[in-house]
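Colleague: I should like to go through the open and enclosed spaces of this model, and then its charged pairs. May I put my questions to you one by one?

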Amino acid sequence: MSVEHEDLDLRPLTALVTGATSGIGRAVAERLAADGMSVVVTGRNARRGAETVDEITAVGGEARFVQADLEDPAGIDRLAGEVGEIDVLVNNAGHAVLAPTEEMKVSDYDSMFAGNVRAAFFLVAAFAPAMAARGSGSVINMGSMAGSLGLARGAAYGATKAALASLTQSWTAEYSGRGVRFNTVAPGPVYTSGATREFFDAIAETTAMKRAAEPAEIAELVAFLASSKAGYITGATVAVDGGRTAI
Ligand SMILES: NC(=O)c1ccc[n+]([C@@H]2O[C@H](COP(=O)([O-])OP(=O)(O)OC[C@H]3O[C@@H](n4cnc5c(N)ncnc54)[C@H](OP(=O)(O)O)[C@@H]3O)[C@@H](O)[C@H]2O)c1
């Protein structure tokens, strides 16, 4: 059967990557752009956002920056309104405040749940219905090995990551019958500006591989889950942690 040229959908897929101004999110944005996606880079820091966009466009990719503070529900609404329709959502933005339970400040607890969990929830609420109406889409949530391991000083942070894995399963029940896939990526230690190199090296010693990852190693898994190659994978939490949760 011949297909008329105008029948082909040549529109590049659009991906929104939160927390793409640094670390894992920046690597994900670069990797998805290298796969030909048009990438919306978001974060609070406009200078680092522009750097990410420049790195992508310098090698022929397509990207734009939209500034947003995802701990602010109004910021999420504005972001969703500015971005429009997307095919891939990577809920990567997040931060960790580690402290003994009795020393955790309410403000730090609340900001972790607002930025790591509530933001992902309301971004899915904003974007998943249109994906479901079109019958396709992929959402990747950035979990952590801390979501399935007990780490001293990491009770609240680990709970935000376990929440994302739980949401991934519920969203799978809610939307995957209409073609939208949801998965959680659960990294082990990854060298980023989220903590010092010494911090990541100490955690690296607890992994089977005795090393931390580079952000690009996490981005490879995200790119695979975003692609049609992962067409039958939904509802999963996939570890990319040097074997830490296996031992
Ligand atoms: N590094 C690790 O070992 C590791 C392991 C497991 C999971 N993770 C997860 O991976 C994700 C990325 O972390 P990373 O290590 O790459 O850290 P990072 O380099 O500090 O990057 C964090 C990103 O999140 C964005 N962000 C944080 N709070 C935000 C907010 N309120 N509104 C908008 N953007 C916000 C930051 O953007 P701005 O600075 O521009 O606001 C930045 O782009 C996080 O969810 C983290 O929990 C990291």
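The exchange below concerns a predicted model.

Colleague: What is the volume of the largest pocket?

Modeller: The model is a predicted one. The lining of the largest pocket is made up of 47 residues. The volume of this pocket is about 1,300 Å³.

Colleague: Which residues lie nearest the centre of the largest pocket?

Modeller: Several elements take part in the lining, and helix H1 (23-34), strand E2 (38-43), helix H4 (106-134), helix H5 (155-175) and helix H6 (197-204) each supply at least two residues. Of the 47 lining residues, those nearest the centre are Gly94, His95, Ala96, Tyr157 and Gly194.

Colleague: How many charged residues are in the lining of the largest pocket?

Modeller: Glycine is counted here among the polar residues, and tyrosine among the nonpolar ones. By class, the lining of the largest pocket has 19 nonpolar and 21 polar residues. The number of charged residues in that lining is seven.

Colleague: Which helix gives the most to the lining of the second largest pocket?

Modeller: The second largest pocket holds about 430 Å³ of space. Strand E5 (137-142), strand E6 (180-187) and helix H7 (215-226) each supply at least two residues of its lining. With four residues, the element that gives the most is H7.

Colleague: Which residues lie nearest the centre of the second largest pocket?

Modeller: By class, the lining of the second largest pocket has eight nonpolar, nine polar and six charged residues. From the 23 residues that line this pocket, those nearest its centre are Ser138, Arg181, Ala226, Ser227 and Ser228.

Colleague: Is alanine 216 buried, partly exposed or exposed?

Modeller: Alanine 216 lies in helix H7. Its C-alpha atom is separated by 16 Å from that of arginine 197, 19 residues apart along the chain. A residue counts as exposed over 50% and as buried under 20% relative accessible area. At 47% relative accessibility, alanine 216 is partly exposed.

Colleague: Which residues line the largest cavity?

Modeller: The count comes to one cavity of 30 Å³ or more. About 50 Å³ of space lies in the largest cavity, and H4 gives the most to its lining, with four residues. The lining consists of Thr18, Leu70, Asn91, Asn92, Ala93, Gly115, Asn116, Ala119, Ala120 and Leu164.

Colleague: How many charged residues does the lining of the largest cavity have?

Modeller: Five residues of this lining are nonpolar and five are polar. The lining of the largest cavity thus has, in the charged class, no residues.

Colleague: How many salt bridges does a search of the whole structure find?

Modeller: Side chains of opposite charge can pair when their charged atoms come close. The criterion is a side-chain nitrogen of Lys or Arg within 4 Å of a carboxyl oxygen of Asp or Glu. Over the whole structure, the search finds eight salt bridges.

Colleague: How many residues apart in sequence are the parts tied together by arginine 26 and glutamate 51?

Modeller: The side chains of arginine 26 and glutamate 51 meet in a salt bridge at 3.2 Å, N to O. Arginine 26 lies in helix H1 and glutamate 51 in helix H2 (residues 46-58), so the parts that the pair ties together are apart in sequence by 25 residues.

Colleague: Which partner in that pair is buried, arginine 26 or glutamate 51?

Modeller: Glutamate 51 has a relative accessible area of 31% and is partly exposed. The cut-off for a buried residue is under 20%. At 15%, the buried partner is arginine 26.

Colleague: Which residues are linked with Arg26 in a network of salt bridges?

Modeller: The bridge between arginine 26 and glutamate 51 belongs to this picture. The network joins Arg26 to Arg47, Glu51 and Glu55.

Colleague: What is the N to O distance between arginine 134 and glutamate 85?

Modeller: Arginine 134 lies in helix H4 and glutamate 85 in the loop between helix H3 (73-83) and strand E4 (88-91). Arginine 134 is partly exposed at 33% relative accessibility, and glutamate 85 is partly exposed at 49%. Their side chains meet in a salt bridge with an N to O distance of 2.9 Å.

Colleague: Which residues does the UniProt annotation "domain: Ketoreductase" cover?

Modeller: The annotation comes from an unreviewed UniProt entry. Over its span the chain is 48% helix and 19% strand, with the end C-alpha atoms 29 Å apart. According to that record, the annotation covers residues 13-193.

Technical notes
Residues numbered from 1 in each chain as written. Predicted model: local features only at pLDDT ≥ 70, side-chain atom pairs only at ≥ 80, totals over all residues. Heavy atoms only, no water. 1 Å grid on protein atoms, 1.4 Å probe; cavity = no way out; pocket = protein on both sides within 12 Å on 5 of 7 lines; lining within 4 Å. Points joined across faces, edges and corners; volume = space filled by probe spheres on them. UniProt positions renumbered as here; feature names shortened; annotations may be inferred. Buried < 20%, exposed > 50% of the residue type's maximum accessible area, 1.4 Å probe, protein only.
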